Amino acid sequence: MTVRPVTPVGILAAKLESLVSQVEKIDNLDRAFKAQLQQAYELANGLDPYLNLCTTPESPALAALVKRTQSEDWSKRFSDGETVRHLEQEMLSGHVEGQMLKFLVHLTKAQRVLEIGMFTGYSALAMAEALPVDGVVVACEVDAYVAEFAQKCFDESTAGHKISVKVAPALETMKQLAQDGEVFDLVFIDADKAGYTDYLNLLLTTGLLAPNGLICADNTLMQGQPYLSGTATENGVAIAKFNQALADDPRVEQVLVPLRDGLTLIRRV
Ligand SMILES: C[S@@+](CC[C@H](N)C(=O)[O-])C[C@H]1O[C@@H](n2cnc3c(N)ncnc32)[C@H](O)[C@@H]1O
């Protein structure tokens, strides 16, 4: 199945490709203009493949998880009532972002990771691979079908035993974890976008986040919607609000890294 572009650069490349093919058909157009447009297209379209090429390859277990995720008919799973919401293969973070998360686990020397929004488990497994032998990923996922799907992939991998899946709304799981005195060195937020502000507040107002803990929030560029003119989707509005609240929050310091659909790194000050 073809993967739909869901990142600012992917969408830009698709738009430029369409423009290149449209101007191709215009005979009396300046050749230099066509050449510049072609170059703009190549700049955008070549970036992701080049990043993939220059990044350490993913493990066989992660590659198998991608294949399995891509061969599932997620629309049918939803229409048959097996998943609680419409999931799609594009939700999976993938090779370069997975490698970035692995790097962050190594750099922070994290032992305990909390993931909020697991889907088929790509980022959870990537981070588990980077953890020490006694490390733990607690992965929150609301959808029982996809949680079982991910668990099968974990069972066939070498690092999957480090992942503990909690099937419930993430906020409930997080409140319970906080009550139980659980502490995490790294937290990856990648669930419902409208919930991001609540997740962040809970992390900052309970003992869930270790004193020097790192929070990574995904999709903070949301396909460019926060800075584009025109109407944004519900997710676009939610992310724009989250980004603004974060920028105004004196409790934290953050950087929005334009990796894939945007990854914001956040730490307490
Ligand atoms: C973008 S996907 C996660 C992708 C995954 N982190 C990866 O990198 O492959 C978001 C997931 O969050 C789950 N989700 C949405 N709302 C949730 C909630 N309130 N609590 C827990 N999980 C939720 C969805 O079911 C979906 O599987």
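Helices and strands here are DSSP runs, numbered from the N terminus. The model is predicted.

**Exercise 1. Locate Arg 260 and describe its backbone and its exposure.**

Step 1. Arg 260 is in the loop that joins strand 6 (252–257) to strand 7 (263–268).

Step 2. Its phi angle is near 50 degrees, a positive value in a residue other than glycine. Most residues other than glycine have a negative phi.

Step 3. Residues under 20% relative accessible area are buried, those over 50% exposed, and those in between partly exposed. Arg 260 has a relative accessibility of 24%, so Arg 260 is partly exposed.

**Exercise 2. Do the same for Lys 109.**

Step 1. Lys 109 sits in the loop between helix 5 and strand 1 (112–116).

Step 2. Phi of Lys 109 is near 55 degrees, again positive in a residue other than glycine.

Step 3. The relative accessibility of Lys 109 is 68%, so this residue is exposed.

**Exercise 3. Which residues come nearest to the ligand, and which classes make up the shell around it?**

Step 1. The ligand has 21 residues around it, and the nearest are Ser 93, Ser 123, Glu 141, Ala 170 and Asp 190.

Step 2. Sorted by class, the shell holds 13 nonpolar, three polar and five charged residues.

**Exercise 4. Find side chains with a polar atom close to a nitrogen atom of the ligand, and state how much of the ligand the protein buries.**

Step 1. The cut-off for a polar contact is a pair of N or O atoms within 3.5 Å.

Step 2. Apply it to three side chains:
- Asp 190 has a polar side-chain atom 2.8 Å from a nitrogen atom of the ligand.
- Asp 192 has a side-chain N or O atom 3.3 Å from a ligand nitrogen atom.
- Tyr 199 has a polar side-chain atom 3.3 Å from a ligand nitrogen atom.

Step 3. The ligand taken alone exposes 600 Å², and the protein buries 94% of that.

**Exercise 5. Check the length of helix 7, then work out how its buried residues are arranged.**

Step 1. Helix 7 covers residues 144–155, which is 12 residues. From first to last C-alpha it reaches 16 Å, close to the 16 Å expected at 1.5 Å a residue. The expected value is 1.5 Å times one less than the number of residues.

Step 2. Its buried residues are Val 146, Ala 147, Phe 149, Ala 150, Cys 153 and Phe 154.

Step 3. These residues cover an arc of only 160 degrees around the axis, so they lie on the same side of helix 7.

Step 4. The other side of helix 7 has Glu 148 and Asp 155, which are exposed.

**Exercise 6. Repeat the analysis for helix 10.**

Step 1. Helix 10 has 14 residues (residues 234–247) and should span 20 Å at 1.5 Å a residue. Its end C-alpha atoms are 20 Å apart, in agreement with that value.

Step 2. Gly 236, Ala 238, Ile 239, Phe 242, Asn 243 and Leu 246 are the residues buried in helix 10.

Step 3. Their arc around the axis is only 165 degrees, which puts them on the same side of helix 10.

Step 4. Glu 234 and Lys 241 are exposed on the face turned away from the buried side of helix 10.

**Exercise 7. Is Gly 98 buried or exposed, and how far is it from Met 127 in space?**

Step 1. Gly 98 belongs to helix 5 (residues 95–108).

Step 2. Its relative accessibility is 2%, so Gly 98 counts as buried.

Step 3. Gly 98 and Met 127 are 29 residues apart in sequence, and their C-alpha atoms are 7.4 Å apart.

**Exercise 8. Describe Val 20, Gln 254 and Leu 53 by element, exposure and distance to a partner residue.**

Step 1. Val 20 is in helix 1 (residues 8–24). With a relative accessible area of 12%, Val 20 is buried. Ala 35 is 15 residues away from Val 20 in sequence and 9.3 Å away in space, C-alpha to C-alpha.

Step 2. Gln 254 is part of strand 6. Its relative accessible area of 31% makes Gln 254 partly exposed. Between the C-alpha atoms of Gln 254 and Cys 216 there are 9.4 Å, and the two residues are 38 residues apart along the chain.

Step 3. Leu 53 is in helix 2 (residues 31–54). At 68% relative accessibility, Leu 53 is exposed. Leu 53 and Ile 11 are 42 residues apart in sequence and 20 Å apart in space, C-alpha to C-alpha.

Methods: Residues are numbered from 1 along each chain as its sequence is written. This is a predicted model: local features need pLDDT of at least 70, side-chain atom pairs count only at pLDDT 80 or more; totals for chains, interfaces and linings use all residues. Side-chain values use heavy atoms; hydrogens and water are left out. A residue is near a molecule or strand if one of its heavy atoms lies within 4 Å of it. A polar contact is a pair of N or O atoms within 3.5 Å; within protein, one must be able to donate a hydrogen and the other to accept it, and residues adjacent in sequence count only if both atoms are side-chain atoms. Accessible areas come from the Shrake-Rupley method with a 1.4 Å probe; for residues, only the protein chains shown count as cover. Ala, Val, Leu, Ile, Met, Phe, Trp, Tyr, Cys and Pro count as nonpolar, Asp, Glu, Lys and Arg as charged, and the others, Gly among them, as polar. Helices (H or I, at least four residues) and strands (E, at least two) are DSSP runs, numbered from the N terminus. Buried means under 20% relative accessible area, exposed over 50%, partly exposed in between (1.4 Å probe, protein chains only). The arc is that of the directions from the helix axis to the C-beta atoms.
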